[in-house]
Every structure is written in C-alpha cells, then in structure tokens.
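Please work through the questions below with the sequence and the model at hand. They deal with how the chains meet and how individual elements are built.

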Amino acid sequence: MRPSRVFRWIIRILILVLTLSVTAVSFLGGFSAIMILSNPDNIGFDTDNIEFNFDANWTTPIEINNINFTLPFNFTNAGYFDLEDLKVSFQIGLLYWHVNLTGDGLNKTNFVKIYDNSTSFPTIKKGKTYYGNYTGTKSDFGNFLGNFPDYDEIDVIKDPDFELYANFTLSLTYSLGLHSIRLGIYNISIYEFSVT
Amino acid sequence: MGFLEILADIFGAILIFLKPIVESIGEWMVDWISASMEFLKQNFSSELTIYIVIFIILIVSGVIINIIWPGDRPGTIFSKGLDKIEEKFEEKLDIPNDIRRCKDCGNPIGDSRVCPLCGAEND
Amino acid sequence: MGPTINIVKGTIFTIIYVCFTIIIPVVTFSLLRGYVVEGLPLDFTQEDLNNIIFWVTALGLVISGCAFFTHSSPKQSIRRGSFALIQVLVNCLYLWSYKFSGATEIIFDLDIGDNSGFLSLNLQQMVLVYLGIYFLTIVLKVYDVIDFTINREKIRYDRMKE
C-alpha cells in the first residue's frame, strides 16, 4: 500500500467514528424521548393543586386589585442525556357566558386571552426529576387585564361564572443539542370560579 | 440499560469534544449549499430537461471514455507517452541483463550448470 | 478490467443510485401527497411536496450520472477521483434539498384524553453536524484527486502490471 493511502485510511476511520457517534447519539436521544413521553408521570402539570387568586371590584369597568397563580409541575428526565434550554410557555384563556344585550336574547360563551408568558428553567440532569412552580403575577398578566369583561357583560346566573383554560408549550433541547423538541398541550381546564 | 448508558456516555463525549469544530464547519457548508441551491432555484428550477440532459451526457461520455481508455491497457487514442512510462518503470525495476541463460532453451539458470527446464548442460 | 466490465459496474451502481436517490424518495413523498389530499394533519403543503419531488429527481439524476462515471472508471484514476468529488458535492445539495421541504422538522399530533396537542422534533442541528462530518468526505475526495494526479505514473504502471 502506498503511504498516501494510509493517511486516507486515518481520515476514513475518523469519519466513521464521527458518523457512528452522531447516529448513536441520535438513536439514543430518540429512545430517551420515547422513555420520557411514554410515562405520563414524567411530565406533570398538577392542575388539581393550582393556586389561583383573583381579587376584583365588580364595577363597570372592572377593577382588578390582584391576580396571580402558582402551578406546581414536575419533569423527570428518564433518558440518557441532559435536558437543556427548558422553557415553558403558558397561555390562559377565560371562558364566560356573555350577556347578549343587543341580539335575540340568547347569551353565548365568550373566550378571551388573559395571560401569555414563558419562563426558562435550569438544565435537568439525566435520571433526575425537577420539581418546580410556574408562577404568574399581576404584572405578568400585563395588557391582557384589559380583556377581562365588565360586570354587566357577564351572565352571573350561570355557575361557574368563569372557567380558565390553559395551553402549555414546552420547548427543550436534547441529545447534546442535536434535537430540539417542542411539546404543546391545548385546552386544559385549570380553574373555575364565580363572582359571588 | 447500563450498557446503553455507557454507550451514550462514550459517544456523547466524542461528540461534545468534536461538536464545536464539526458544527462550525457545518455552518460554513450550509452557507455555500444554500447559495448554490438559491442559484439553482433561480435559474434551473423550471424544468427537469436540463438535468435529464446532464444525466444522458454523463452516461454516454462515460461509455465512450471507457471504450477508448478502459484503464488496463493503453487506450486507442491517448496511448502516446505510455511507452515512455513503461520504459521508465522497467528501468526502476533494475533487472540485470547479464543473467546466465541456458544456451539451448534460453531459460534463466543462474549459477547452476544443468538447465532445470531442458536438462542441457551449460559450462 | 476491460471496458465491458467497467460499463457493467457503472450501470449496476447507476441503478442502485437511481433507486436510492430518486425512486424510493419520490414514491415516499408521493404517498405523503396522498395523505395530504386525504386531509391528514401532516405539516406539508402541496407546494412543498412538488418542490421536494422536483429537486430529489433533478439532483438524483446528476448524482446517478456521476455515479456511472465514477464506478465505471479504473481504480485510482484521475477521472474516478474527479467525478467522485463532483458526486459528493452534488450529494450535499441533494441532502440540503430535503430541508426546503420541512423534512428537518417532524410534527406529530397528539390526542391526550380530552386535550389535543402536538410534538415537534427539529433535526436542523443534527443536519448541521452531519454536514460538518460530510465536509471530511469532501476533503478526502479532494485528497484523492491530488494523490491520483501526483502518483499518476506509478498508479498506471501498477494497474497495467496487474
């Protein structure tokens, strides 16, 4: 064999090792994703224990003194690699019966967005579980406070007056950054309350 | 499970070590590939004819070149100078011309007196 | 090796490349087009599919043509090295043409009890790393061309001796 062919073999082996590494990491990353997602307990938003505080003067227009919530959640990284760049986006919609003042007398449901925010969380090492709280304060609600209906717009005969629904979007990178994953779950009923 | 974990650690370590280099090269690759694709998209994305023509040209020229110059013997056209190459390498082989040969059959006999091929005696 | 064997070898490799770079992807994407027509929630538009099928066929043809030239050429010849290099470069474009189809982002729709959702897997970073590794293959082919050119006489002599 000519000496120049030996150098070629070295490069070929390097390419083989690299390709094998990326393929193995990709495969194990996919396998990890299956392991994480196959167990519903691994990603848990504890909507049963959500703490939602709403304090308002039911005048026209409505005066909101305080609004905040705390949602406990846990994330178990059951895979082979660290879970990085974890970010949870959270949107809340308010569903209520809207009094029909101008139409044929039938009230109808109305749905308005009252919260849209996202929070980043630290890296979760492989095999570890992260227990955290997703919190939203009055300032996080920001401009969406204007979307709350006025008192005379709500059909208070219905019970409950308000239902809160949430959309979660969870984004993260996995497999040493090779895979970017986004998981979205829509229309989860998280809370309900009445004016009176 | 344990075995896969070890595998993940080994391949992960290789990848973490080489990823910064490989990834930046990958970004450079993406740049020139994107530019080339953009050029193709702007100029040659209307019909397949040009690609079919390229395919046919490659096949036909491949056949013709193989017939003219198959590689294992001097070609019918481009054989000029090959004799020189052969002469050059034959010189390099350094085969001595004064090997003793059998006087009857011409077989190389070296130092032996009797030809191993025809049995003739060579003094 | 005679010209006939060279041409047969080239033809075999061309058939393999036509199958793997054109027929299989086009059939797969055509099946996907069928699903889109049936209204299944795949993240492909009709235009994306036509686009990918066009580029897969176009670049697949060039790759297959180069494969014929490469594999029908004598071992370690300059023409083999040159066309192997062209084939690798076109292959880069071929791989990247998948990106325009959105094939680097896979989206699954989820149905979890009363709720709906999605799971999206973005493989763009992985493609970057693969392309980085593929660069080494280009380096190797360039090296081959240089090596075959420098050692041209020795390679020819060895080949003829065989």
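Q: What area do chain A and chain C bury between them in this model?
A: The model is predicted, and the contact involves 28 residues of chain A and 29 residues of chain C. Carbon and sulfur atoms account for 62% of the area buried between these two chains, and the whole of that area is about 2500 Å².

Q: Which residue of chain C meets the side chain of A:Arg5 in a salt bridge?
A: The count between chain A and chain C is 3 salt bridges, and the rule also finds 10 residue pairs in polar contact across this interface. A salt bridge requires a side-chain nitrogen of Lys or Arg within 4 Å of a carboxyl oxygen of Asp or Glu. The N to O distance of 2.9 Å satisfies that cut-off, and the partner of A:Arg5 is C:Asp144.

Q: Which element of chain A gives the most to the side of chain A that touches chain C?
A: Chain A comes to 2 helices and 8 strands, in the order α-β-β-β-β-β-β-α-β-β from the N terminus. On the side that touches chain C, at least two residues each come from strand 8 (179-193) and helix 1 (3-38) of chain A. With 14 residues, the element that gives the most is helix 1 of chain A.

Q: How many salt bridges does the rule find across the interface of chain C and chain B?
A: The contact takes 45 residues from chain C and 46 residues from chain B, and the area buried between them is about 4100 Å², with 78% of it from carbon and sulfur atoms. C:Trp55, C:Tyr157 and C:Met160 supply 16% of the area that chain C buries against chain B, more than any other three residues. Although the rule finds 5 residue pairs in polar contact here, the number of salt bridges is 0.

Q: Which element of chain C gives the most to the side of chain C that touches chain B?
A: The elements giving two or more residues to this side include helix 1 (3-37), helix 4 (124-150) and helix 5 (152-161) of chain C. The largest share, 14 residues, comes from helix 2 of chain C.

Q: Why do the buried residues of helix 2 of chain B lie on the same side of the helix?
A: Helix 2 (residues 49-68) of chain B has 20 residues and reaches 28 Å from its first C-alpha to its last, close to the 28 Å expected. Its buried residues are B:Tyr51, B:Phe55, B:Leu58, B:Gly62 and B:Asn66. They lie on the same side of helix 2 of chain B because the arc they cover around the axis is only 60°.

Note on methods:
Residues are numbered from 1 along each chain as its sequence is written. Chains are lettered from A and ligands numbered from 1 in the order in which they are written. This is a predicted model: local features need pLDDT of at least 70, side-chain atom pairs count only at pLDDT 80 or more; totals for chains, interfaces and linings use all residues. Side-chain values use heavy atoms; hydrogens and water are left out. Helices (H or I, at least four residues) and strands (E, at least two) are DSSP runs, numbered from the N terminus. The expected span of a helix is 1.5 Å times one less than its number of residues. Buried means under 20% relative accessible area, exposed over 50%, partly exposed in between (1.4 Å probe, protein chains only). The arc is that of the directions from the helix axis to the C-beta atoms. Contact means heavy atoms within 4.5 Å. Buried area is the accessible area (1.4 Å probe) that two parts lose on being put together, summed over both. A polar contact is a pair of N or O atoms within 3.5 Å; within protein, one must be able to donate a hydrogen and the other to accept it, and residues adjacent in sequence count only if both atoms are side-chain atoms.
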